[in-house]
Amino acid sequence: MYGINRPTIKEKILIVVAEMIYLVIAYYLLFITYDNSGITLGLFIALVITALRLTAMMFIWLTRGIAWQEAIMNSLAFGIYYLGFPILMITSNQDPNVVILILGWVFFVGGSMLNTVSELLRKPFKDNPANQGKLYTGGLFKYAIHINYLGDCLWVLGLALISNNIYSLLIPLGLILVFVFGYIPKSDDYLQSKYGEQFTVYKLKTKKLIPFIW
């Protein structure tokens, strides 16, 4: 996106390899250096689910190229998620709270589904040559221009809650700030330049990130 050269399949594989290395380190942190296997297992399962989902999105469900800017930011984000949350968990002195853990899983599952489903519903429209030059405003995107970003914010918030450390909340907060002040303005500029009047009409009647709110 944003007119930047896109990585090849080989380069995507390198991104996934980096992701797997992060997971191996996360496993070591959670199960070798830490002895609270009850809550660590939950966090590690969530991280594995995230890795599988994002890999499937990249190679199976949405095989579009990704811009190098996006690839680099994703790789940095993987490092924060796969290493940051485990480190915050093993350094936490807080007792596990069942309600918080359940809420974390609700946000994690709900956000993952929101992000994935919104993209998959858009895919047939984008793949249809007849829609060349047309802006997609259907599916879940009729509720917010960047509804997929909202899904990202929610599943990362879920990981923060599952990691059982109040300081983990700084990660989803940082992600929201990146979206609000970085990704969303750049994406809006790109959509405006590409679709013109279509996007002007769309943004006048559609919230940016959170349906019915903003």
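Helix pairs at angles under 35 degrees count as roughly parallel, those over 145 as roughly antiparallel, those from 65 to 115 as roughly perpendicular, and the rest as oblique. Keep that in mind for the close-ups below, which all come from a predicted model.

**View A. Helices α6 and α7 meet at an oblique angle.** Here we have α6, covering residues 170–195, and α7, covering residues 197–205. Their axes cross at roughly 130 degrees and come within 6 Å. That angle is in none of the three named ranges, so the two helices are oblique to each other. On the α6 side, look for Asp188, Leu191, Gln192 and Tyr195. Their partners on α7 are Glu197, Gln198, Phe199, Thr200 and Lys203. Sort the residues of this contact by class and you get 3 nonpolar, 3 polar and 3 charged.

**View B. Helices α4 and α5 run roughly antiparallel.** This one shows α4 (residues 98–127) packing with α5 (residues 147–162). The angle is about 155 degrees and the axes are 7 Å apart. Since anything over 145 degrees counts as roughly antiparallel, that is the label this pair gets. As for the handedness, α4 passes α5 in a left-handed crossing. The contact between α4 and α5 brings in 15 nonpolar residues, along with 8 polar and 3 charged ones.

**View C. Tyr81 and Phe85 stack their rings.** The structure holds 14 aromatic pairs, and here is one of them. The ring centres of Tyr81 and Phe85 sit 6.3 Å apart, and with just 15 degrees between the planes, the pair is stacked. Both residues belong to helix α3 (residues 68–90), and because they are 4 residues apart, about one helical turn separates them. Are Tyr81 and Phe85 buried or exposed? Both are buried.

**View D. Tyr81 also pairs with Trp155, this time edge-to-face.** The centres of these two rings are 5.3 Å apart, and their planes make an angle of 75 degrees. Tyr81 lies in helix α3 while Trp155 lies in helix α5, so this pair ties together parts that are 74 residues apart in sequence. How buried are the two partners? Tyr81 has a relative accessible area of 7%, and Trp155 has one of 2%. Buried means under 20%, so both Tyr81 and Trp155 make the cut.

**View E. Three aromatic residues, Tyr27, Phe31 and Phe44, form a cluster.** What links Tyr27, Phe31 and Phe44 here? Ring pairs do the linking.

Methods: Residues are numbered from 1 along each chain as its sequence is written. This is a predicted model: local features need pLDDT of at least 70, side-chain atom pairs count only at pLDDT 80 or more; totals for chains, interfaces and linings use all residues. Side-chain values use heavy atoms; hydrogens and water are left out. Axes are lines fitted to C-alpha atoms, for helices over the stretch in contact, and angles run from 0 to 180 degrees between N-to-C directions. A crossing is left-handed if the near helix is turned anticlockwise from the far one by less than a right angle, and right-handed if clockwise. Ala, Val, Leu, Ile, Met, Phe, Trp, Tyr, Cys and Pro count as nonpolar, Asp, Glu, Lys and Arg as charged, and the others, Gly among them, as polar. Contact means heavy atoms within 4.5 Å. Rings of Phe, Tyr and Trp (its six-membered ring) pair if their centres lie within 6.5 Å; planes under 30 degrees apart count as stacked, over 60 as edge-to-face and the rest as tilted. Buried means under 20% relative accessible area, exposed over 50%, partly exposed in between (1.4 Å probe, protein chains only).
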